[in-house]
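Trainee: Could we go through this model together? I would like to know how each label is earned.

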Amino acid sequence: MIENLWLGTKNVPAESGKTFTVLNPATEEVLAEVADGASADWMKALDLAHAAQKPWAAFAPQARHDILMDLFHAVMERKDEFATLMVNEMGKTWKDALAEVDYGAAYLRWFAGEAIRLPGRYAASPAGNGTITVRPHPVGPCLAITPWNFPLAMATRKIAPALAAGCTMIVKPAAATPLTMLAFGEVVAEVFARHDVPHGTLSFITSTDSKNLSKELMDDPRLRKVTFTGSTKVGQTLVEQSAKNLQRTTMELGGNAPFIVCADADMDRVIKGLMVAKMRNNGQTCIAANRFLVHSSRVEEFQEKVVDKFQSYVTGYGMDETTTLGPLVNAEQRDHVAKLVDQAIGAGATALTGGFTPQGPGFFYPATVLTDVKPGADILKEEIFGPVAVISTFESLDEAIERANDTKFGLAAYAFSENAHTVARLANELQAGMVGLNRGGISDVAAPFGGIKASGFGREGGAEGIDHYLELHYVAQP
Ligand code: SIN
């Protein structure tokens, strides 16, 4: 089966006629051949986005709200279809896939609300000789480059605020998981037709050539913003490329989250939090807990409970009812995790459970617990992106905070303590854009998602998530 890309609301093959293959990571079977877009396709998408920008921005805020709400309902009506696509192309469990449809659709509903609450301000000049009006305007055509780990939600988190603000957008889904966005393109075409939305307002360009796509689109001054979720390395390249035309950028990049368990932590809460912070999405989230720092007085109890939980995981295809841990997205990702674990074990670490690469088919990696990992090991410095928990101990809160912050990343951090003073210190001193205290699930459409340091800048979601799609015009009048 060949899946075409969406140039505006037109579902067309790549101009070159080329396609690429999408695999099911649980079975390694071919799911689809997908249009492999190239220069002619993405430059046409930019022509369309540019032409649609003015008419789309002229839609009333209430109309933009209604369109986003229709998109929300249309996605929810096709919940099982979207969930099935994500199990098949990404390897999620059915439970995680359903949760992602809820999460992804919720961004459409959240930003429908923001569309009718765009910020602005009026003031009198202190000198008494004039007035100041500050008005929000859409920044213009945007490019969204989205990752494979949340094929729906990471895109709607960008598309929804762009539409709410009155911007047009070209979306480039990850080549590993393009099918969810192509199905979303169909929903968009139906909803846009009902509301007479200009045809080029949203395009979905599938391609294996991300490098040239971003380079050529960003070389064109008609493109005004780039929003990216993915690796720090690619983010750095995009920021460099943005200098030429001074495009705005929002960068949601890698993480290396610490997970601190203090001496007075409630262990049931800790384990519940860990199951989300570590194991959601088969361990493949940017905010996944990477480094478990446990007070030495609680480490035995912690290890025992974690090993017990990890050994209860059943790996398999996400559509099987018994599956609680799916595969990693592809062989490259599985090999990356295996390499980090093998290196650590080779240097003296102990695998309390897991720690081996199973025979295929499928890119599976078992839930793994490592201890005695040497300080400075790659697995402590790099994002693991897999179901591997690395445990070490600490003696004092000062030491825990210092080690937690000892990373170039600053996306998420987690900590567990029942003491109010300790919690206050952790809230203030953990260096991350998002801190979960006594809680492992921090993702929330109403909260600003984003990081500091090498984890990027800009916030997505929350009231703040629309800011980067708006520029402020100051109008001075008598
Ligand atoms: C991510 O992994 O980049 C996003 C996770 C989330 O939004 O919860």
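Mentor: Happily; we will take the ligand, its contacts and the cavities in turn, keeping in mind that this is a predicted model.

Trainee: What makes a residue count as being around the ligand, and which come nearest?

Mentor: A heavy atom of the residue has to lie within 4 Å of the ligand. There are 13 residues around the ligand, and Tyr103, Arg157, Arg280, Cys286 and Ser443 come nearest.

Trainee: Why is the pair between Tyr103 and the ligand called a polar contact?

Mentor: The cut-off for a pair of N or O atoms is 3.5 Å. An N or O atom in the Tyr103 side chain is 2.6 Å from a ligand oxygen, so the pair qualifies.

Trainee: What about Arg157 and Cys286?

Mentor: The side chain of Arg157 has an N or O atom 2.9 Å from an oxygen of the ligand, so this pair also meets the 3.5 Å limit. With Cys286 the partner is a polar backbone atom, 2.7 Å from a ligand oxygen, so that one passes too. As for cover, the ligand on its own has 260 Å² of accessible area, and the protein covers 100% of this.

Trainee: Where does the ligand sit, and how do you know?

Mentor: The test is that more than half of its atoms lie within 2 Å of the grid points of a cavity or pocket. The ligand sits in the largest cavity, so it passes that test there.

Trainee: What is the largest cavity like?

Mentor: Its volume is about 80 Å³. Its lining has 13 residues, with Phe150, Met154, Arg157, Cys286 and Phe449 nearest the centre. By class, six are nonpolar, four polar and three charged.

Trainee: Which domains supply that lining?

Mentor: Domain 1 (2-253 + 455-477) and domain 2 (257-444) each give at least three residues.

Trainee: How many cavities reach 30 Å³ or more?

Mentor: The count is two. The second largest cavity holds about 50 Å³ of space, so it clears the 30 Å³ cut-off. It is lined by 14 residues, and Pro258, Ala404, Thr407, Ala412 and Gln431 are the closest to its centre.

Note on methods:
Residues are numbered from 1 along each chain as its sequence is written. This is a predicted model: local features need pLDDT of at least 70, side-chain atom pairs count only at pLDDT 80 or more; totals for chains, interfaces and linings use all residues. Side-chain values use heavy atoms; hydrogens and water are left out. A polar contact is a pair of N or O atoms within 3.5 Å; within protein, one must be able to donate a hydrogen and the other to accept it, and residues adjacent in sequence count only if both atoms are side-chain atoms. Accessible areas come from the Shrake-Rupley method with a 1.4 Å probe; for residues, only the protein chains shown count as cover. On a 1 Å grid over the protein atoms alone, a cavity is a set of points where a 1.4 Å probe fits but cannot get out, and a pocket is an open set with protein on both sides within 12 Å along at least five of seven lines; lining residues have an atom within 4 Å of a point. Ala, Val, Leu, Ile, Met, Phe, Trp, Tyr, Cys and Pro count as nonpolar, Asp, Glu, Lys and Arg as charged, and the others, Gly among them, as polar. Domain bounds come from an automatic or database domain assignment.
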